[in-house]
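Q: I would like to learn how to read the features of this model, one at a time. Where do we begin?

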Amino acid sequence: MKKGRVVATVFVVLAAAAAIFPLLFTIASSFMSGEEIVSRYTAEVTEANQGDFTSSGIHFVRFGLIPEQPTLEQYRELLFNSPEYLRMFWNSVLLVVPVLVGQCILAPLAAYALENMRWRYKEAVYFAYIIVMLMPTQILLVPNFIVAGWLHIRESYLAIILPALFHPLGVFLIRQQLKNFPKECMEAASLDGAGVFRTYWYIVRPNLSSVLAALLVLLFADNWNIVDQAVVFLKQTYDNPLSVYLGNVVTGDPGMFFAVSVFYLIPALLVFFLGQDYLTEGIALSGVKA
């Protein structure tokens with residue numbers, strides 16, 4: 001038994017190290033100078049990497065976590081001399097914030113209605129929600145593109161935001177929690193004269209804070225990293241979120257890539273660390289087995 005525990009512990013430690021290594025590598029590399037990044041990780045010949053090329057012209061990458069001369073050059077260039085990256089960052093914020101706010105308003109109302117309304121076809125509607133939730137984003141892009149054309153909102157943020165506002169994930173998680181909500185509380189409120197909306201606002205809604213916080217963490221991760229939707233709907237480069245523009249940084253300005261990546265990672269890490277307890281609690285309360 002003890003031997004099995006040791007093996008399991010070693011496996012978990014190795015898996016955790018493998019998962020966290022790319023993050024540590026990105027952060028460490030962000031403190032290298034642009035010249036060091038270029039000489040280490042690109043095919044460009046510089047004075048620093050001339051000895052890394054073989055006679056056949058193959059370049060050996062000088063991999064390492066410790067910068068030769070630690071510097072804040074990448075961050076200084078990013079914050080003071082590269083306004084295009086800051087614009088792309090705020091583009092990402094403009095795409096994510098409306099989705100989070102809208103989901104916090106619409107998803108609880110839809111889940112509450114599906115759980116408590118008396119309608120013979122509500123389970124069929126809920127089943128459709130589940131089917132849509134399980135579909136890959138790429139499949140949904142075609143109908144979204146057609147509907148965006150009907151609404152004349154192609155090449156705008158609305159073409160991305162509106163479908164995300166009605167993503168079924170929030171309805172699914174919240175309804176799962178409402179299944180365990182004591183019906184006696186709502187019946188008592190009804191006997192005291194409270195209407196449907198009043199019961200929701202004063203009794204149901206305050207008990208959804210954990211699952212809503214978990215939902216916000218999951219939705220932030222999903223929408224902060226959008227690529228396909230932005231590529232399809234946004235034609236102007238300066239309208240793209242930073243998640244799309246990161247690919248251009250690698251080829252256009254490799255010396256800035258790691259600082260831009262860390263800058264892009266910070267909001268996601270903050271949201272995760274602030275919401276990790278709510279994420280665990282919210283998923284547990286929703287009855288979803290991890």
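A: Begin with how elements are assigned. Helices are DSSP runs of H or I with at least four residues, numbered from the N terminus. The model is a predicted one.

Q: How many helices and strands does the secondary structure of the chain come to?

A: The chain has 14 helices and zero strands. Read from the N terminus, every position in the order of elements is therefore an α, α-α-α-α-α-α-α-α-α-α-α-α-α-α.

Q: What share of the 290 residues in the chain is buried?

A: Buried means under 20% relative accessible area. In this chain of 290 residues, 39% are buried. As for contacts with a separation of 6 or more, 74% of them are between residues 24 or more positions apart.

Q: How do I read a nonpolar core, and which residues have the most contacts inside the largest one?

A: A nonpolar core joins buried residues through side-chain atoms within 4.5 Å. The largest one here has 42 residues, and those with the most contacts inside it are Ile174, Leu178, Val204, Leu215, Leu242 and Val260. Two or more residues each come from α3 (73–81), α4 (83–116), α5 (122–134), α8 (168–178), α10 (196–204), α11 (209–224), α13 (242–252) and α14 (257–285). Helix α4 gives the most to this core, ten residues.

Q: Which residues does leucine 215 touch, leaving aside those up to four places away in sequence?

A: Leucine 215 touches Gln103, Ala107, Leu169, Gly170, Leu173 and Ile174. Apart from the largest core lies another, of 16 residues, with Ile153, Ala159, Leu165 and Phe233 among them.

Q: Next, charged pairs. How many salt bridges does the structure hold?

A: Side chains of opposite charge can pair when their charged atoms come close. The structure holds four salt bridges. One of them joins aspartate 239 and arginine 87, with the closest N and O atoms 3.8 Å apart.

Q: Which parts does the pair of aspartate 239 and arginine 87 tie together?

A: Aspartate 239 lies in the loop between α12 (228–233) and α13, while arginine 87 is in helix α4, so the pair ties together parts 152 residues apart in sequence. Aspartate 239 has a relative accessible area of 19% and is buried. Arginine 87, at 41%, counts as partly exposed.

Q: Where do the salt-bridge partners arginine 175 and glutamate 115 lie in the chain?

A: The N to O distance in this salt bridge is 2.9 Å. Arginine 175 is in helix α8 and glutamate 115 in helix α4, 60 residues apart, and the pair links distant parts of the chain. Arginine 175 is buried because its relative accessible area is 1%, and glutamate 115 is also counted as buried, at 13%.

Q: What does lysine 179 pair with?

A: Lysine 179 meets glutamate 115 in a salt bridge, at 3.8 Å from N to O. Since lysine 179 lies in the loop between α8 and α9 (183–191) and glutamate 115 in helix α4, the pair ties together parts that are 64 residues apart in sequence. Lysine 179 is partly exposed, with a relative accessible area of 39%. Glu115, Glu123, Arg175 and Lys179 are linked in a network of salt bridges.

Q: Now pockets. What volume does the largest pocket have, and which element gives the largest share of its lining?

A: Lining residues are those with an atom within 4 Å of a pocket point. The largest pocket has a volume of about 620 Å³. Of its 30 lining residues, the closest to the centre are Leu140, Asn144, Pro163, Ala164 and His167. At least two lining residues each come from α5, α6 (137–150), α7 (158–165), α11 and α12, and the largest share, seven residues, comes from α6. By class the lining has 23 nonpolar, five polar and two charged residues.

Q: How does the lining of the second largest pocket divide by class?

A: This pocket holds about 310 Å³ of space. Its lining has four nonpolar, four polar and four charged residues, including Tyr112, Glu115, Lys183, Met186 and Thr199. Helices α4, α9 and α10 each supply at least two lining residues, and α9 gives the largest share, four residues. Glu115 thus returns here: it lines this pocket and belongs to the salt-bridge network.

Definitions and conventions. Residues are numbered from 1 along each chain as its sequence is written. This is a predicted model: local features need pLDDT of at least 70, side-chain atom pairs count only at pLDDT 80 or more; totals for chains, interfaces and linings use all residues. Side-chain values use heavy atoms; hydrogens and water are left out. Buried means under 20% relative accessible area, exposed over 50%, partly exposed in between (1.4 Å probe, protein chains only). Contact means heavy atoms within 4.5 Å. A salt bridge is a side-chain nitrogen of Lys or Arg within 4 Å of a carboxyl oxygen of Asp or Glu. On a 1 Å grid over the protein atoms alone, a cavity is a set of points where a 1.4 Å probe fits but cannot get out, and a pocket is an open set with protein on both sides within 12 Å along at least five of seven lines; lining residues have an atom within 4 Å of a point. Grid points are joined across faces, edges and corners, and a volume is the space filled by probe spheres set on the points. Ala, Val, Leu, Ile, Met, Phe, Trp, Tyr, Cys and Pro count as nonpolar, Asp, Glu, Lys and Arg as charged, and the others, Gly among them, as polar.
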